[in-house]
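User: Hello! I am new to this structure and would like to go through it step by step. Could you take my questions one at a time?

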Amino acid sequence: MKRWKLLVKLIPLCLLLAACTTAPVTGRHQLMLVSESDAEQMGLQAYKEEMAKVKLSRDPKYVDQVRRAGERIAKVSGHPEYQWEFNVIDEPKTINAWALPGGKVAVYTGLLNLGLSDAELAAVMSHEVGHAIAQHSRERMSEALGINLGLSVLGASGKMSDATLQAVNLALGIGIGLPFSRKQESEADFIGLDLMSKAGYNPHAALSLWQKMSQAAGGAKTPELLSTHPSNERRMHDIEAALPRFMPIYEANKRSN
């Protein structure tokens, strides 16, 4: 009982001491329980481990295109202190890309095999750079830490069985974790439109990118309720609605980049 009361007292203290940040472009408030340096260190470790086990592409057609777009996007990201790296992973069946804290970005050849234009690839790179500068991985780590702390309190109270705790954990994963991840994905799309426009890439290319992604996906799709990503249809709808905000930015930068 004493341990439970102590944990109850510690939760508000942790929240009080947590760093509050604001996501770029959207202005969404973020609560961070994990330090930026810790998140970057974990991201770097994960990056090293991943690079050690994958096969990197040496095809200059793909590598040059990815690094050219990535470096152009990174230049307008507002984070010159990040150690930006852009690599191509040789996995023709994987249509994906990812970003880790501190500016480590990778694109799979399966995505590049869709025949992306420079602007469409810039939409991919700006989305991933958006994740990095909004510190979404750090935010997800903080969310997990907060959930685990809450479950520790419930477990310490002695009022919930292990089976009940597992059920609560699952409910939290579906009710909080996945929607939160979808929110981050939509936010990265929005930040990405801003970045690619500032870098002189036409943001309309984000629409054609997702049209190609939809065609490539085909077949049965995971219900959006149980997915960590918004549906392609919702993505395209939201991007199209946001274009009027970013087209003037692109027009102002298309000749200077």
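Analyst: Happy to. One term first: a residue is called buried when its relative accessible area is under 20%. Please keep in mind that this is a predicted model.

User: Are Y82 and W84 buried or exposed?
Analyst: The cut-off to apply is a relative accessible area under 20%. Y82 and W84 both come out as buried.

User: What kind of aromatic pair do Y82 and W84 form?
Analyst: Their ring centres are 5.4 Å apart, with 50° between the planes. Planes under 30 degrees apart would be stacked and those over 60 edge-to-face, so an angle that fits neither leaves the remaining class. The pair of Y82 and W84 is tilted.

User: Which residue joins Y82 and W84 in one aromatic cluster?
Analyst: The cluster goes beyond the tilted pair of Y82 and W84. Its other named member is F86.

User: How many aromatic pairs are there?
Analyst: Rings pair if their centres lie within 6.5 Å. By that rule, the count is four.

User: Why is the pair of Y47 and W98 edge-to-face?
Analyst: The ring centres of Y47 and W98 are 6.3 Å apart, which falls within the 6.5 Å limit for a pair. An edge-to-face pair needs planes over 60 degrees apart. The planes of Y47 and W98 meet this because their angle is 75°.

User: Where in the chain do Y47 and W98 sit, and how many residues apart are they?
Analyst: This pair links distant parts of the chain. Y47 belongs to helix α2 (residues 36–53) and W98 to strand β4 (residues 97–100), and their separation is 51 residues.

User: What are the relative accessibilities of Y47 and W98?
Analyst: Both values call for the buried cut-off, under 20%. Y47 is buried at 5%, and W98 also counts as buried, at 16%.

User: How many residues of helix α5 are buried?
Analyst: Helix α5 covers residues 118–133 and has 16 residues. The helix is mostly covered, and its buried residues number 15 of 16.

User: Which residues touch the most other members of the largest nonpolar core?
Analyst: This core has 44 residues, and α5 gives the most to it, with nine. The residues touching the most other members are M125 and M196.

User: Which ring does R72 lie over?
Analyst: R72 sits 4.0 Å from the ring centre, over the face of the ring. M196 also touches the residue that carries this ring. The ring under R72 is that of Y201.

Note on methods:
Residues are numbered from 1 along each chain as its sequence is written. This is a predicted model: local features need pLDDT of at least 70, side-chain atom pairs count only at pLDDT 80 or more; totals for chains, interfaces and linings use all residues. Side-chain values use heavy atoms; hydrogens and water are left out. Rings of Phe, Tyr and Trp (its six-membered ring) pair if their centres lie within 6.5 Å; planes under 30 degrees apart count as stacked, over 60 as edge-to-face and the rest as tilted. Helices (H or I, at least four residues) and strands (E, at least two) are DSSP runs, numbered from the N terminus. Buried means under 20% relative accessible area, exposed over 50%, partly exposed in between (1.4 Å probe, protein chains only). A charge sits over a ring if NZ of Lys or CZ of Arg is within 6 Å of the ring centre and within 35 degrees of the ring normal. The expected span of a helix is 1.5 Å times one less than its number of residues. A nonpolar core is a set of buried Ala, Val, Leu, Ile, Met, Phe, Trp, Tyr and Cys residues joined through side-chain atoms within 4.5 Å. Contact means heavy atoms within 4.5 Å. Lists of a residue's contacts leave out its neighbours within four places in sequence.
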